[in-house]
Amino acid sequence: MVAPARDVSRGFRGAPASCQPLTVQNAFESYPTVVSKEFDDRRDVDRGPRGVVADWVLAMLRRSAGVKGSAELLLGRIIAIANQKGGVGKTTTSVNLAASLATEGHNVLLVDVDPQANGSSGVGVEKNTIECGIYHALLGEVTLEEIIRPTSLERLWVAPSSRDLAGAALELAEMDEGQIRLKTLLSSVRERFDYIVIDCPPSLDLLTVNGLTAADSILIPVQCEYYAMEGLSDLVNTIQMVKDNLNERLVIEGILFTMYDPRNNLAHQVVNEVRGHFEDKVFETMIPRNVRLSEAPSHGQPCILYDGSSRGSQSYLALAKELKARLAAAA
Ligand SMILES: Nc1ncnc2c1ncn2[C@@H]1O[C@H](COP(=O)(O)OP(=O)(O)OP(=O)(O)O)[C@@H](O)[C@H]1O
Ligand SMILES: [Mg+2]
């Protein structure tokens with residue numbers, strides 16, 4: 001297959017020079033320029049800007065010294081949003097959690113591995129204009145940096161999908177290390193982001209397996225409806241398979257209730273049943289059914305840009321804060 005034309009101007013802003021030996025000096029130089037420019041804006045970040053830069057330099061130096069684990073703890077937590085059940089709010093959660101973390105002052109990459117490309121269009125990338133997306137990167141035709149684009153929200157970038165990806169699960173199955181292609185791609189950029197959020201397709205195919213293999217954790221959106229528990233055992237089995245064979249560090253980041261309507265008695269039953277099974281893995285934050293969340297994608301915007309005061313936006317901001325607090329408590 002002929003490699004598609006590359007449009008470098010669409011590439012990753014602030015990408016540091018790659019492939020140079022790391023020293024203290026060039027670790028500072030490789031700190032993303034976009035972050036450096038926003039240095040003063042980041043005083044609200046928990047550890048303060050000095051701490052952020054110190055973490056970055058430490059992570060880069062540790063990486064160069066081959067101390068992988070420590071660097072991974074400091075930067076670039078990779079969270080796969082997955083549930084093979086369709087329409088449960090995976091994409092809505094991926095886009096709005098990523099946008100909320102960016103709004104909180106973090107550099108975030110949204111990786112869309114769903115051929116439907118709803119996550120990409122949800123942050124303003126027109127599906128039909130994607131010549132070169134995650135499909136081409138997974139197949140090794142371009143680097144990940146070449147496909148990463150900025151979005152209209154500061155600090156939020158996207159590695160877009162495209163319809164070509166529909167055939168990728170089969171193509172990956174025939175490739176060497178087809179299950180770890182995404183992990184390999186993300187390892188080249190993870191130090192530049194505080195969070196990487198992967199929007200998975202509604203299946204347990206090789207694309208989702210790639211997402212789970214690349215991730216530190218999985219966040220499972222669950223819709224408050226009668227069949228909510230159906231399929232969760234298959235998902236848990238898949239997580240265990242990935243842990244046993246491909247990615248032993250994978251953990252469940254949490255179960256998130258979506259489209260919650262407190263007036264619906266069934267919703268309470270579902271919440272109780274799922275809490276009974278997953279206990280403290282369930283996020284306190286619940287995402288309400290909110291029309292602004294469903295309207296925002298048609299404007300190509302995360303809800304925080306479309307209507308920041310809506311209950312939908314505010315609940316995803318609360319989720320981002322809860323996630324950060326949990327991670328801080330576990331560190
Ligand atoms: N909290 C919510 N309130 C109102 N509508 C919502 C909410 N969450 C999601 N939706 C709507 O429900 C539909 C399905 O959501 P979404 O696309 O996020 O699910 P999904 O799990 O990614 O679907 P798929 O399995 O097809 O990838 C969309 O139309 C979306 O706008
Ligand atoms: Mg989706």
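Reader: Before we start, what counts as a contact here, and which residues does Ile198 touch beyond four places away in sequence?

Author: Two residues are in contact if their C-beta atoms, placed from the backbone, lie within 7 Å. This is a predicted model, so that cut-off is applied to predicted positions. Leaving aside residues up to four places away in sequence, Ile198 touches Ile78, Ala80, Ile81, Val111, Val113, Gly211, Ala214 and Ala215.

Reader: Thanks! Which residues of the largest nonpolar core touch the most other members, and which helix gives that core its largest share?

Author: In soluble globular proteins, nonpolar side chains tend to be buried together. Here the largest nonpolar core holds 81 residues, and Ala98, Val108, Leu109, Leu110, Val197 and Ile198 touch the most other members. The largest share of this core, six residues, comes from helix 5.

Reader: Is strand 2 enclosed or open?

Author: Val108, Leu110 and Asp112 point one way from strand 2, while Leu109 and Val111 point the other way, and all are buried. Because five of the five residues of strand 2 (residues 108–112) are buried, the rest of the structure leaves this strand largely enclosed.

Reader: Nice. Which strand pairs with strand 2 over five bridges?

Author: Strand 2 pairs in the parallel sense with strand 4 (residues 156–159) over four bridges, and Val111 stands opposite Ala159 there. Asp112 has Asp199 as its bridge partner in strand 5. The parallel pairing over five bridges is the one with strand 5 (residues 195–199).

Reader: Now my favourite part, the ligand. Which helix gives the most residues to the shell around ligand 1?

Author: Ligand 1 is surrounded by 19 residues, and the closest are Lys90, Thr91, Thr92, Pro202 and Ser294. At least two residues of the shell come from each of helix 5 (90–103) and helix 14 (291–295). The most, three residues, come from helix 5.

Reader: How many residues of that shell are nonpolar, polar and charged?

Author: The question concerns the shell of 19 residues around ligand 1. Its residues divide into five nonpolar, 11 polar and three charged.

Reader: Last one: what do the buried residues of helix 16 pack against?

Author: Helix 16 (residues 311–330) has 20 residues and reaches 28 Å from its first C-alpha to its last, close to the 28 Å expected. The buried residues of helix 16 are Gly312, Ser313, Ser315, Tyr316, Leu317, Leu319, Ala320 and Leu323. These buried residues pack against helix 5, strand 7 (251–258), helix 14 and helix 15 (303–306).

Key:
Residues are numbered from 1 along each chain as its sequence is written. Chains are lettered from A and ligands numbered from 1 in the order in which they are written. This is a predicted model: local features need pLDDT of at least 70, side-chain atom pairs count only at pLDDT 80 or more; totals for chains, interfaces and linings use all residues. A residue is near a molecule or strand if its C-beta atom, placed from the backbone, lies within 6 Å of it. Ala, Val, Leu, Ile, Met, Phe, Trp, Tyr, Cys and Pro count as nonpolar, Asp, Glu, Lys and Arg as charged, and the others, Gly among them, as polar. A nonpolar core is a set of buried Ala, Val, Leu, Ile, Met, Phe, Trp, Tyr and Cys residues joined through C-beta atoms within 7 Å. A residue is buried if 20 or more other C-beta atoms lie within 10 Å of its own, exposed if 12 or fewer, and partly exposed in between; C-beta atoms are placed from the backbone. The expected span of a helix is 1.5 Å times one less than its number of residues. Two strands pair if DSSP finds at least two bridges between them.
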